[in-house]
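Me: I'd like to get how people decide on the words they use for a protein model. Can we go through one together?

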Amino acid sequence: MGNTSSMLTQYDIEEVQQHCNGAFSQQEIVSLYQRFFQLDRKGGGFISAEEFLSVPEFAVNPLSQRLLRMLDGLNFKEFVAFLSAFSPRACLQQKIEFIFRVYDSDCNGKVTYSDVLNILRDLTGQFISEQQREVG
Amino acid sequence: MPWRETRKQMGGWPSCFGLRGEETEQVWRKRGRDSDTKPPKKPSKSRRKRIQFAENEEDDEALKMSTTGTLKPSSSELDLDRPNIEDYLPSGSSIQQEPDGKLRLRDLLDISPTLTEAAGAIVDDSFTRCFKSNSPEPWNWNIYLFPLWCFGVVFRYFILFPLRVIVLTLGWIIFLSSYIPVHFLLKGHEKLRRKLERLLVELICSFFVASWTGVVKYHGPRPSMRPNQVFVANHTSMIDFIILEQMTAFSVIMQKHAGWVGLLQSTILESVGCIWFNRTESKDREIVARKLREHVQGADNPLLIFPEGTCVNNHYTVMFKKGAFELGCSVCPIAIKYNKIFVDAFWNSRKQSFTKHLLQLMTSWAVVCDVWYLEPQNLKPGETPIEFAERVRDIISARAGLKKVPWDGYLKHSRPSPKHRERKQQSFADSVLRRLEEK
């Protein structure tokens, strides 16, 4: 892996920082950039679902499919914006918004009872019956 | 000065963003540890669960799960990777605490631990780290250092490299001119022919090592030619085999390659008695297991196995395959550690062909490594082969200063089986159900 931080200028970094509302410091953005290129093996400027799934720790996560839907085709700026909810500098509101977006799989702005059931189904797989889920 | 590695856990921990993998300790100190470099991804109320996977085969007994930290600190290593991440961990939340009391809607809705794990995996994961080739720090960025470096390049490529090629060619000539007569003329005298062929294989391996200016230090008692033993070593590159073969004519189990390497494998390595396998064949495993057993009981030269199954970058070890550990014989571990300063010996088979890798080695200054022959281990009563494999991996990693990673090396080529995800789902479901009943 070469020295990719030389490809990011100060302007680029600041632009990305603005896009994610200052959730990451400049060094963090540089590291994320290197990671982005490490994952993006085909060099298309975005990470495909296949490339995400090649990280075994991500592939075994029960919510990986949902996250993949949100992550598909993101370029670097959007990638950083996506991850900004996980930064300790992000406020609680942002984190809750993120969780809401994960729940809201049909992207209609509302989380309904069936959305909640769907998430629970993802998390527990076939180890819990429908009724038990509803009771819960 | 060794950087003490004091992380309790590894793998999947969000990497400290401020560092590139290659930075040295001094540069890190200069930068200072300010708050910028804290791992930024955890929502404040997250809990982390560490699950260790041990998938060696499709059977269920291969799955092991523990919710505590998976790795012991390895203090003998110069850790160029990350600083002391312990500083950044939220206190006391490294072990999944079973939530007590009534099942509240909030607990069901709180998916932040799972999300955090996913984001952690996206940002940095232990598996990709194992196969990252670390290019050496460039030091030629200065007006007076650059000519020095240029001089070094010229010396390496135009003086050392031709010399080495000459040495290697000479070696091959000597080898072939002795091997071919021995092979054909001594057809009747099997024992003598075997002995001579093995000596010749050791000779050509020494020539190979000389052609990279290999400085290999062997520690520990040399392997003895006894039956009922098997040697295992960690794997960084195909040259591991050459370095070990130089000392003892092991028989080896290898993946059959294409090209000139495959040609060498089928002709010369036959004399030391080799077993071939094909990673992509699923039925292959039983055939190979049988061949292994036959060899251990029958042949007179010991077998060398690389239980990781793939090349790893000499900073980590991936899970060992249990095939070598259920043969019912004693297992002698060998630890190999290369010195990065001279050349990075990791063969990243995704990035380079073996020929390119060899050329890279031949145009570097030297290949410096340490080989430790460790004490033979036996299966303890009541120990399963997988536990045995893990124990031997502990020994090798501790000796060579490598970090252990709970992944199967074959995940390089395939996806993890859905069983792992189901395990996670099952544990979550169980905890939910249990608390439902407590209501």
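Me: How many helices and how many strands are there in the secondary structure of chain A?
Reply: Chain A comes to nine helices and zero strands. Do keep in mind that this is a predicted model. Going along the sequence, the pattern reads α-α-α-α-α-α-α-α-α. Buried residues account for 50% of the 136 residues in chain A.

Me: What makes H5(A) roughly perpendicular to H7(A)?
Reply: Start with the angle: the axes of helix H5 (residues 64-71) of chain A and helix H7 (residues 92-103) of chain A cross at roughly 105 degrees. Anything from 65 to 115 degrees counts as roughly perpendicular, so that is the label for H5(A) and H7(A). The two axes also come within 10 Å.

Me: Which residues meet there, and what classes are they?
Reply: From H5(A) you have Arg66(A), Leu67(A) and Met70(A), and they meet Phe98(A), Arg101(A), Val102(A) and Tyr103(A) in H7(A). Sorted by class, that contact has five nonpolar, no polar and two charged residues.

Me: What does UniProt place at residues 27-62 of chain A?
Reply: The UniProt record, an unreviewed entry, puts the feature "domain: EF-hand" there, and also at residues 91-126 of chain A. In the model, residues 27-62 of chain A are 61% helix and 0% strand. The C-alpha atoms at the ends of that stretch are 31 Å apart.

Me: How do you know that the reach of helix H8 of chain A is close to what's expected?
Reply: Helix H8 (residues 113-124) of chain A has twelve residues, and at 1.5 Å a residue the expected value is 16 Å. From its first C-alpha to its last, H8 of chain A reaches 17 Å, which is close to that. The buried residues of H8(A) are Asp115(A), Leu117(A), Ile119(A), Leu120(A), Leu123(A) and Thr124(A).

Me: Let's try chain B. Why is Gln246(B) called buried?
Reply: Buried means under 20% relative accessible area. Gln246(B) has 19% relative accessibility, so it counts as buried. You'll find Gln246(B) in the loop between helix H7 (239-245) and strand E3 (251-255) of chain B. Leaving out residues up to four places away in sequence, Gln246(B) touches Glu202(B), Cys205(B), Ser206(B), Val209(B) and Tyr218(B).

Me: And is Glu286(B) buried or exposed, and what makes it so?
Reply: The cut-off for exposed is over 50%. Glu286(B) has 53% relative accessibility, so it counts as exposed. Glu286(B) has its place in helix H9 (residues 284-298) of chain B. Its C-alpha atom is separated by 9.7 Å from that of Gly323(B), and the two are 37 residues apart along the chain.

Me: Why is Asn228(B) called partly exposed?
Reply: That label covers what lies between buried, under 20%, and exposed, over 50%. Asn228(B) has 44% relative accessibility, so it counts as partly exposed. Asn228(B) is in the loop between strand E1 (214-219) and strand E2 (229-233) of chain B. Its phi is near 65 degrees, a positive value in a residue other than glycine.

Me: One last check: how do you know that Asn21(A) is exposed?
Reply: With exposed meaning over 50%, the relative accessible area of 63% makes Asn21(A) exposed. Asn21(A) is found in the loop between helix H1 (10-19) and helix H2 (26-39) of chain A. For Asn21(A), phi is near 60 degrees, a positive value in a residue other than glycine.

Notes
Residues are numbered from 1 along each chain as its sequence is written. Chains are lettered from A and ligands numbered from 1 in the order in which they are written. This is a predicted model: local features need pLDDT of at least 70, side-chain atom pairs count only at pLDDT 80 or more; totals for chains, interfaces and linings use all residues. Side-chain values use heavy atoms; hydrogens and water are left out. Axes are lines fitted to C-alpha atoms, for helices over the stretch in contact, and angles run from 0 to 180 degrees between N-to-C directions. Helices (H or I, at least four residues) and strands (E, at least two) are DSSP runs, numbered from the N terminus. Angles under 35 degrees count as roughly parallel, over 145 as roughly antiparallel, 65 to 115 as roughly perpendicular and the rest as oblique. Contact means heavy atoms within 4.5 Å. Ala, Val, Leu, Ile, Met, Phe, Trp, Tyr, Cys and Pro count as nonpolar, Asp, Glu, Lys and Arg as charged, and the others, Gly among them, as polar. UniProt positions are given in the numbering used here, feature names are shortened, and annotations may be inferred rather than shown by experiment. The expected span of a helix is 1.5 Å times one less than its number of residues. Buried means under 20% relative accessible area, exposed over 50%, partly exposed in between (1.4 Å probe, protein chains only).
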